[in-house]
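Please open the model in your viewer and keep the sequence panel beside it, since each stop on this tour begins with a selection.

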Amino acid sequence: MTTIAAGAALAVATALKPHTVILVPLALAASGRLRPVLSWAAVGTVLVGAFALALGPAGVGNWWQALVYGQTDTGQAQFTAAYVFGGGPATYAVEALQEPPRS
């Protein structure tokens with residue numbers, strides 16, 4: 001039971017400060033501790049749904065455009081995941097993990 005609660009707490013921490021804790025679920029998975037990872041994924045999915053509902057379609061669209069702009073702005077391009085991974089779905093997935101939607 002505590003491993004499930006730990007995964008839920010990790011999901012909340014990921015939503016609040018993703019840059020700080022994004023490697024923790026990977027380390028847990030690599031060490032074979034799947035219960036907290038599954039709990040993290042489940043609670044994280046619920047949080048993403050709640051964020052999307054709170055923002056609405058226009059807010060989600062604006063958030064997406066902010067991700068795209070960050071990749072195309074020449075002043076910021078070298079500091080983005082697109083600089084490392086190139087354009088495409090992998091870059092969008094990494095950036096979506098790094099920047100939770102804001103209202």
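Begin by selecting A13, which counts as partly exposed at 27% relative accessibility, because that value falls between the 20% under which a residue is called buried and the 50% over which it is called exposed. This residue belongs to helix α1. If you now add G44 to the selection and draw a distance between the two C-alpha atoms, you should find A13 and G44 9.8 Å apart in space, although 31 residues separate them in sequence. Bear in mind throughout that this is a predicted model.

Next, extend the selection to the whole of helix α1, residues 2–16. Its 15 residues reach 21 Å from the first C-alpha to the last, which is close to the 21 Å expected at 1.5 Å a residue. Colour G7, L10, A11, T14 and A15, the buried residues of α1, and then turn the view until you look down the helix axis. Where do these buried residues fall when α1 is seen down its axis? They keep within an arc of 140°, so they line one face of the helix. On the other side of α1, select T2 and L16, both of which are exposed.

Move on to T72, a residue of helix α4, which spans residues 34–72. Is T72 buried or exposed? With a relative accessible area of 54%, T72 is exposed, because the cut-off for that class is over 50%. Adding G87 to the view gives a second pair to inspect: T72 and G87 lie 15 residues apart in sequence and 10.0 Å apart in space, again from C-alpha to C-alpha.

Now select Y83, V84 and F85, which together make a nonpolar surface patch of about 380 Å². F85 has its place in helix α5, and helix α5, residues 81–85, has the lowest mean pLDDT among the elements of the protein chain, at 72. Where pLDDT is low, the predicted coordinates should not be read in detail. For contrast, colour helix α3, residues 23–30, whose mean pLDDT of 91 is the highest among the elements.

Finally, zoom out to the whole protein chain, which averages a pLDDT of 83, with 85% of the residues scoring at least 70. The secondary structure comes to six helices and zero strands, following the pattern α-α-α-α-α-α along the sequence. Of the 103 residues in the chain, 25% are buried.

Methods
Residues numbered from 1 in each chain as written. Predicted model: local features only at pLDDT ≥ 70, side-chain atom pairs only at ≥ 80, totals over all residues. Heavy atoms only, no water. pLDDT = per-residue confidence, 0-100. Helix = DSSP H or I, 4+ residues; strand = E, 2+ residues; numbered from the N terminus. Patch = residues over 30% accessible without salt bridge, like charges linked within 9 Å, V, L, I, M, F, W, Y side chains within 5 Å. Areas by Shrake-Rupley, 256 points an atom, 1.4 Å probe, with all protein chains shown as cover. Salt bridge = Lys/Arg side-chain N within 4 Å of Asp/Glu carboxyl O. Expected span 1.5 Å × (residues − 1). Buried < 20%, exposed > 50% of the residue type's maximum accessible area, 1.4 Å probe, protein only. Arc of directions from axis to C-beta.
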